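Me: I have a model open and would like to talk it through with you. Could we go step by step, with the reasoning spelled out?

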Amino acid sequence: MTTTTAAAAATRSQKPRKPRKSKFGWNVIGLLVVVVAGFPFYWMLNTAFKPEKDAIDPNPHFFPHTFTLSNFKRALEIADFWGPVGRSLIVSGVVVVVGIVVGMLAALAISRFAFRGRKVVIVGILAVQMVPLVAMIIPVFLLLNDLGQYDKLTGLIITYLTFILPFTVWTLRGFIVNIPKELEEAAQVDGCTRTGAFVRVVFPLLAPGMVATSVYGFIQAWNEYLYALMLMSQQNQTATVWLANFSTKNGTEYAPMMAGSTMMAVPIVILFLIVQRKMAAGLTAGAVKG
């Protein structure tokens with residue numbers, strides 16, 4: 001027995017090993033993607049901490065020689081900073097909450113119930129997302145003006161929901177479809193109502209997808225500029241419009257603008273750090289059916 005085992009081991013050791021595929025090429029590609037995607041953010045931080053004269057130097061340095069916080073002070077002094085940021089937080093937060101609640105209910109109806117016109121609704125959701133936002137500025141302006149919602153946060157929230165809600169419905173529908181119906185049926189057999197089965201079974205499985213969709217909606221509402229510029233006055237401007245204060249007839253103050261952009265990026269970074277695990281799970285949850 002021992003001789004046979006030793007011979008088999010020797011035979012296995014003599015078999016040529018398959019060469020392991022090198023991952024060097026993929027690592028290089030991944031590194032290039034990170035550099036290309038992260039360089040604008042790095043350059044924003046680099047410029048934010050540079051003195052003003054270094055920010056407009058025709059021969060820029062990739063690494064700042066002198067650090068200064070005067071740009072952040074200037075950014076806070078040029079106009080009201082906390083007002084626009086607070087309004088952006090209110091608008092983005094309400095859009096996310098309303099969009100997730102309404103979008104989840106709509107996605108559940110589309111994915112779980114068969115009703116007349118279901119395919120038309122799905123096609124309509126896709127069609128709405130294909131319409132350029134620029135094309136709807138004048139109709140939206142006239143409609144909000146007739147409704148008395150011009151230059152109001154409620155009007156801006158309703159406007160943002162028109163292009164964030166279709167994406168939310170479509171995305172959440174994909175997550176719900178990939179949750180087997182048998183799980184709900186099993187819960188109903190055990191005594192749960194249809195609502196109870198959704199709350200206890202489907203909702204926990206849907207949570208990562210809701211987080212990923214919420215982050216996308218928040219970023220879209222937070223970074224939107226065109227509608228905020230057209231529908232809100234100077235007194236009620238949002239954070240993105242506030243950045244335009246750095247461009248005057250005398251030129252653009254690039255260093256303070258980058259400092260303001262850095263401060264505007266802080267809420268997004270904090271939100272991402274809080275929900276990064278759930279977001280990663282949500283991005284991959286709909287990749288495999290069943």
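**Helix packing, cores and confidence**

Reply: Happily, and let's start with a pair of helices: in this predicted model, the axes of helix 8 and helix 10 come within 10 Å and cross at roughly 160°.

Me: Are helix 8 and helix 10 roughly parallel or roughly antiparallel to each other?

Reply: Their axes cross at roughly 160°. Angles over 145 degrees count as roughly antiparallel. Helix 8 and helix 10 are therefore roughly antiparallel.

Me: Which residues of helix 10 make the contact with helix 8?

Reply: Helix 8 passes helix 10 in a right-handed crossing. From helix 8, the contact uses Tyr160, Ile164, Phe167, Thr168, Thr171, Leu172, Phe175 and Ile176. On the helix 10 side the residues are Leu206, Gly209, Met210, Thr213, Tyr216, Gly217, Gln220 and Ala221.

Me: Nice. Why is helix 9 oblique to helix 10?

Reply: Angles over 145 degrees would be roughly antiparallel, and 65 to 115 roughly perpendicular, with oblique covering what is left outside the roughly parallel range. The axes of helix 9 (residues 181-189) and helix 10 come within 9 Å. Helix 9 is oblique to helix 10 because the axes cross at roughly 135°.

Me: And which residues of helix 9 touch helix 10 there?

Reply: This crossing is right-handed. Helix 10 brings Arg194, Ala197, Val201, Val202 and Leu205 to the contact. From helix 9 come Leu183, Glu184, Ala187 and Gln188.

Me: Let's turn to the interior. Which two residues touch the most other members of the largest nonpolar core?

Reply: In soluble globular proteins, nonpolar side chains tend to be buried together. Here the largest nonpolar core has 33 residues. The two that touch the most other members are Leu172 and Leu206.

Me: Which helix supplies the largest share of this core?

Reply: Helix 4 (70-78), helix 5 (82-112), helix 6 (118-130), helix 8 (153-177), helix 10 (194-223), helix 12 (239-242) and helix 13 (254-285) each give at least two residues to the core. The largest share is 7 residues, and the supplier is helix 5.

Me: How many residues are in the other core?

Reply: This other core lies apart from the largest one. Its members include Val91, Val95, Ile157 and Ala221. The count is 17 residues.

Me: Back to Leu206: which residues is Leu206 in contact with, leaving aside neighbours within four places in sequence?

Reply: One of the partners is Leu172, which together with Leu206 touches the most other members of the largest core. The full set is Met104, Leu172, Phe175, Ile176 and Ile179.

Me: Is Met104 buried or exposed?

Reply: Met104 sits in helix 5. Leaving aside neighbours within four places, Met104 is in contact with Gly99, Leu172, Ile176, Phe198, Phe203, Leu206 and Met210. Among these, Phe203 is 99 residues away along the chain, with 9.8 Å between the C-alpha atoms. The relative accessible area of Met104 is 11%, and the cut-off is under 20%, so Met104 is buried.

Me: How far apart in space are Leu76 and Gly260, C-alpha to C-alpha?

Reply: Leu76 belongs to helix 4 and, at 38% relative accessibility, counts as partly exposed. Beyond four places in sequence, Leu76 touches Phe81 and Met263. Leu76 and Gly260 are 184 residues apart in sequence, but their C-alpha distance is 7.9 Å.

Me: What about Val102 and Val169, C-alpha to C-alpha?

Reply: Val102 is in helix 5 and is partly exposed at 39% relative accessibility. In sequence, Val102 and Val169 are 67 residues apart. In space, their C-alpha separation is 8.2 Å.

Me: Which residue other than glycine has a positive phi near 60°?

Reply: Look in the loop between helix 7 (137-147) and helix 8. The residue there is partly exposed, with a relative accessible area of 22%. The name is Asp151.

Me: Finally, confidence. Which helix has the lowest mean pLDDT among the elements?

Reply: The protein averages a pLDDT of 81, and 87% of the residues score at least 70. Over residues 286-290, pLDDT stays under 50. Among the elements, helix 11 (residues 226-231) has the highest mean, 91, whereas the lowest, 51, belongs to helix 1 (residues 2-14).

Conventions:
Residues are numbered from 1 along each chain as its sequence is written. This is a predicted model: local features need pLDDT of at least 70, side-chain atom pairs count only at pLDDT 80 or more; totals for chains, interfaces and linings use all residues. Side-chain values use heavy atoms; hydrogens and water are left out. pLDDT is the predictor's confidence in each residue, from 0 to 100. Helices (H or I, at least four residues) and strands (E, at least two) are DSSP runs, numbered from the N terminus. Contact means heavy atoms within 4.5 Å. A nonpolar core is a set of buried Ala, Val, Leu, Ile, Met, Phe, Trp, Tyr and Cys residues joined through side-chain atoms within 4.5 Å. Buried means under 20% relative accessible area, exposed over 50%, partly exposed in between (1.4 Å probe, protein chains only). Axes are lines fitted to C-alpha atoms, for helices over the stretch in contact, and angles run from 0 to 180 degrees between N-to-C directions. Angles under 35 degrees count as roughly parallel, over 145 as roughly antiparallel, 65 to 115 as roughly perpendicular and the rest as oblique. A crossing is left-handed if the near helix is turned anticlockwise from the far one by less than a right angle, and right-handed if clockwise.
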